[in-house]
Amino acid sequence: MRVTGLPPYDPTNVFARILRGEIPSKKVHEDDFALAFHDINPQAPVHVLVIPKGAYCSHADFTASATDAEIAGFWRAVGKVARDLGLEAGGYRILSNMGEDGGQEVPHFHVHIFGGRRIGRMVPRAEA
Ligand code: AMP
C-alpha cells in the first residue's frame with residue numbers, strides 16, 4: 001500500500017542503485033531487512049546510513065507501508081550497527097530526514113547514525 005499524497009518511489013535513486021550493486025558503498029552490515037554503509041560525506045567521525053531493503057521513499061512511507069517484520073528487522077539492524085561500531089559507551093545520535101522541510105535529499109528511507117564526538121545541538125538554530 002502506498003501512502004496517498006507521497007510521491008511514487010523512484011527506482012533510480014542512489015540508494016536503490018547501491019542496493020542493486022550498481023554503485024559501490026563502504027558496507028558495514030547487511031541482513032534480510034537492512035543495508036548499512038558509510039556516508040560519502042561524513043558529518044562526524046562515525047557517520048553511517050542504514051536503509052531498508054524494501055522500496056520505501058521516506059519514514060512516512062516506511063511506517064505506513066512496511067510489514068511489521070520489515071519494521072522490526074530494520075530497527076534491530078540500526079541498533080546492531082551502532083553497537084557493532086562501538087558507539088554505545090560514548091553515545092550516538094540517530095536521525096532521519098523526511099521530505100522538504102526535513103531536508104531529505106535521497107528519496108529512499110534512511111537513518112543516519114552519528115557518533116565519535118559530541119554531536120551538539122539537536123536541531124540548529126533557525127537563521128535570523
Ligand atoms: P538526506 O539529506 O537525509 O537525504 O541524506 C542523504 C545522505 O546520503 C547525505 O548525507 C549524503 O552524503 C549521502 N550520500 C549520497 N550519496 C551517497 C553515496 N553514493 N554513498 C554514501 N552516501 C551517500
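Which residue in strand 2 does His-29 stand opposite? I looked it up, and the residue is Ala-36. I keep in mind that this is a predicted model.

**Entry: the two strands.** I followed the pairing from there. Strand 1 covers residues 27-30, and three bridges join it to strand 2. The two strands run antiparallel. I then checked the link between them. A hairpin of three residues takes strand 1 into strand 2.

**Entry: around the ligand.** I turned to the ligand next. I found 16 residues surrounding it. Asp-39, Asn-97, Glu-105, His-110 and His-112 are the closest. I sorted the shell by type: seven residues are nonpolar, seven are polar and two are charged.

**Entry: polar contacts.** I looked for oxygen atoms of the ligand that meet polar protein atoms. At Asn-97, a side-chain N or O atom is 2.8 Å from a ligand oxygen. At Gly-103, a polar backbone atom is 3.0 Å from a ligand oxygen. At Glu-105, I noted 2.7 Å between a ligand oxygen and a polar backbone atom. I also checked how covered the ligand is. Alone, the ligand exposes 510 Å², and the protein buries 84% of that.

**Entry: the pocket.** Which pocket does the ligand take up? The ligand's space is the largest pocket. I asked which elements give two or more residues to the shell, and found helix 1 (14-19) and strand 2 (34-38). Helix 1 gives the most, with three residues. Strand 2 thus appears twice in my notes: it pairs with strand 1, and it contributes to the shell around the ligand.

Conventions
Residues numbered from 1 in each chain as written. Predicted model: local features only at pLDDT ≥ 70, side-chain atom pairs only at ≥ 80, totals over all residues. Heavy atoms only, no water. Near = heavy atom within 4 Å. Polar contact = N/O pair within 3.5 Å; in protein donor to acceptor, adjacent residues only side chain to side chain. Areas by Shrake-Rupley, 256 points an atom, 1.4 Å probe, with all protein chains shown as cover. 1 Å grid on protein atoms, 1.4 Å probe; cavity = no way out; pocket = protein on both sides within 12 Å on 5 of 7 lines; lining within 4 Å. Sits in = over half its atoms within 2 Å of the grid points. Helix = DSSP H or I, 4+ residues; strand = E, 2+ residues; numbered from the N terminus. Nonpolar A, V, L, I, M, F, W, Y, C, P; charged D, E, K, R; others polar. Pairing = 2+ DSSP bridges.
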